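Me: I would like a close look at a single part of this model. Please take the nonpolar core and the strand residues that go with the topic.

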Amino acid sequence: MRNIFIDSLRRIDKFNIEGSKYLSLNEDIFRDHFPNSPLLPAAMMIEGSIQLSRIYFWHITNFKNSLLPMSFSHFKFFDLVRPGNILDISLDITKGNVESYQIGDEVRIKTIGYCNDKKVFQGVIQFRIVEFEKLHNKEECGNYLSFLYENMK
């Protein structure tokens, strides 16, 4: 991942995961979007949801499976997100038994983003389950997940 959009985990259990991104003015994205009025692009909020979804599947499947985004639906954006804030992302994975998913299955994940306890976006991402090694480096992702576990709040 060139841009990491999950800096900490707050909770992870069988059907939910919550993570946060600390938004510093030093982030590369704010240099261009926009120089005099920096805003977090909607695409980066969605990317944070994708990364958090993958972290969840890495955790649940012990790095056996990952996720490939297929489609996005019902996305709504309610407020602007600026540097100096924390973007909290919550995912709800409630369809079926997650451990029974197979490579090629599809899963829908509902995502909600908050900033200062105010909802800033919500939507649904449809993913296809893929083999972990086809997308990621296990050592790098393992180190990243270990870091997140160690700093879990």
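Reply: What follows covers the core, then one of its residues, then two residues of one strand.

The model is predicted. Its largest nonpolar core counts 39 residues. Seven of them have the most contacts inside the core: I6, I17, L40, I55, W58, L87 and V107. Several elements give two or more residues each. The helices among them are α2 (42-61) and α3 (138-150). The strands are β1 (8-12), β3 (65-77), β4 (86-92), β5 (106-115) and β6 (118-131). Helix α2 provides the largest share, with 9 residues.

Take V107 next. Setting aside residues up to four places away in sequence, V107 touches F57, L67, I93 and Y101. Under the same exclusion, V107 also touches I125, Q126, F127 and I129.

Now strand β3. N65 lies in this strand. Is N65 buried or exposed? N65 counts as buried, because its relative accessibility is 3% and the cut-off for buried is under 20%. Beyond its neighbours within four places in sequence, N65 is in contact with F57, W58, Y101 and I103. I129, V130 and F132 complete that contact list.

M70 is also part of strand β3. At 39% relative accessibility, M70 is classed as partly exposed. M70 joins L68 and L135 in a nonpolar surface patch. The patch covers about 230 Å².

In short, strand β3 gives residues to the core, holds the buried N65, and carries M70, a member of the surface patch.

Key: Residues numbered from 1 in each chain as written. Predicted model: local features only at pLDDT ≥ 70, side-chain atom pairs only at ≥ 80, totals over all residues. Heavy atoms only, no water. Core = buried A, V, L, I, M, F, W, Y, C linked by side-chain atoms within 4.5 Å. Buried < 20%, exposed > 50% of the residue type's maximum accessible area, 1.4 Å probe, protein only. Helix = DSSP H or I, 4+ residues; strand = E, 2+ residues; numbered from the N terminus. Contact = heavy atoms within 4.5 Å. Patch = residues over 30% accessible without salt bridge, like charges linked within 9 Å, V, L, I, M, F, W, Y side chains within 5 Å. Areas by Shrake-Rupley, 256 points an atom, 1.4 Å probe, with all protein chains shown as cover. Salt bridge = Lys/Arg side-chain N within 4 Å of Asp/Glu carboxyl O.
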